[in-house]
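Biologist: I am new to this structure. Could you take me through it one question at a time?

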Amino acid sequence: MTARPALINGEPGVVAWGANGKLLGVMACTVVDGRIVEILSVSDRERLASMGLPAHPGQA
């Protein structure tokens, strides 16, 4: 698995890919006053495909 920090809808988050390079999921954190108050996790393939996320860092 490979995970990289990313901005998700302007919020800090993480994008994760499997060893085969397929997108596994994304997590976004809502931060208020320097504290994480909410974490949103998406792993549904249809929703992920519609989010315009970056390709696996090792793929062109």
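**Contacts, sheet and core**

Modeller: To begin, the side chain of H56 makes a polar contact with the side chain of T2 at 3.4 Å; a polar contact is a pair of N or O atoms within 3.5 Å, where within protein one must be able to donate a hydrogen and the other to accept it, and residues adjacent in sequence count only if both atoms are side-chain atoms. This is a predicted model, in which local features need pLDDT of at least 70 and side-chain atom pairs count only at pLDDT 80 or more, while totals for chains, interfaces and linings use all residues. Residues are numbered from 1 along each chain as its sequence is written, and side-chain values use heavy atoms, with hydrogens and water left out.

Biologist: Which element of the chain has the highest mean pLDDT?

Modeller: pLDDT is the predictor's confidence in each residue, from 0 to 100. The chain averages 90, and 97% of the residues score at least 70. Helices (H or I, at least four residues) and strands (E, at least two) are DSSP runs, numbered from the N terminus. Among the elements, helix 1 has the lowest mean, 90, and the highest, 96, belongs to strand 4.

Biologist: Is H56 buried or exposed?

Modeller: H56 sits in the segment after helix 1 (45–49). Its contacts (heavy atoms within 4.5 Å), leaving aside neighbours within four places in sequence, are T2, W17, G18 and G21. Buried means under 20% relative accessible area, exposed over 50% and partly exposed in between, with a 1.4 Å probe and protein chains only. The relative accessible area of H56 is 15%, so H56 is buried.

Biologist: Is N9 buried or exposed?

Modeller: N9 belongs to the loop between strand 1 (2–8) and strand 2. Its C-alpha is 9.5 Å from that of M51, a residue 42 places apart from N9 in sequence. Because its relative accessibility is 78%, N9 counts as exposed.

Biologist: In what order do the four strands lie in the open sheet?

Modeller: Two strands pair if DSSP finds at least two bridges between them. Strand 1 and strand 2 pair over seven bridges in the antiparallel sense, and T2 has W17 as its bridge partner in strand 2. Strand 1 and strand 4 each pair on one side only, as edge strands. The sheet is antiparallel, with the order 1-2-3-4.

Biologist: Which residue in the turn between strand 3 and strand 4 has a positive phi?

Modeller: Strand 3 and strand 4 (residues 35–42) are antiparallel, with seven bridges, and A28 is paired with L40 in strand 4. The two strands form a hairpin with two residues between them. The phi of about 55 degrees in the turn belongs to D33.

Biologist: Which strand gives the largest share of the largest nonpolar core?

Modeller: A nonpolar core is a set of buried Ala, Val, Leu, Ile, Met, Phe, Trp, Tyr and Cys residues joined through side-chain atoms within 4.5 Å. The largest has eight residues: I8, V15, W17, L23, V26, A28, V42 and L48. Strand 2 (11–17) and strand 3 (23–32) are the elements that give two or more residues to this core. The largest share, three residues, comes from strand 3.

Biologist: Which residues does K22 contact beyond its neighbours within four places in sequence?

Modeller: K22 is in the loop between strand 2 and strand 3. Its C-alpha and that of A55 are separated by 8.7 Å, with the two residues 33 apart along the chain. Beyond those neighbours, K22 is in contact with A16 and W17.
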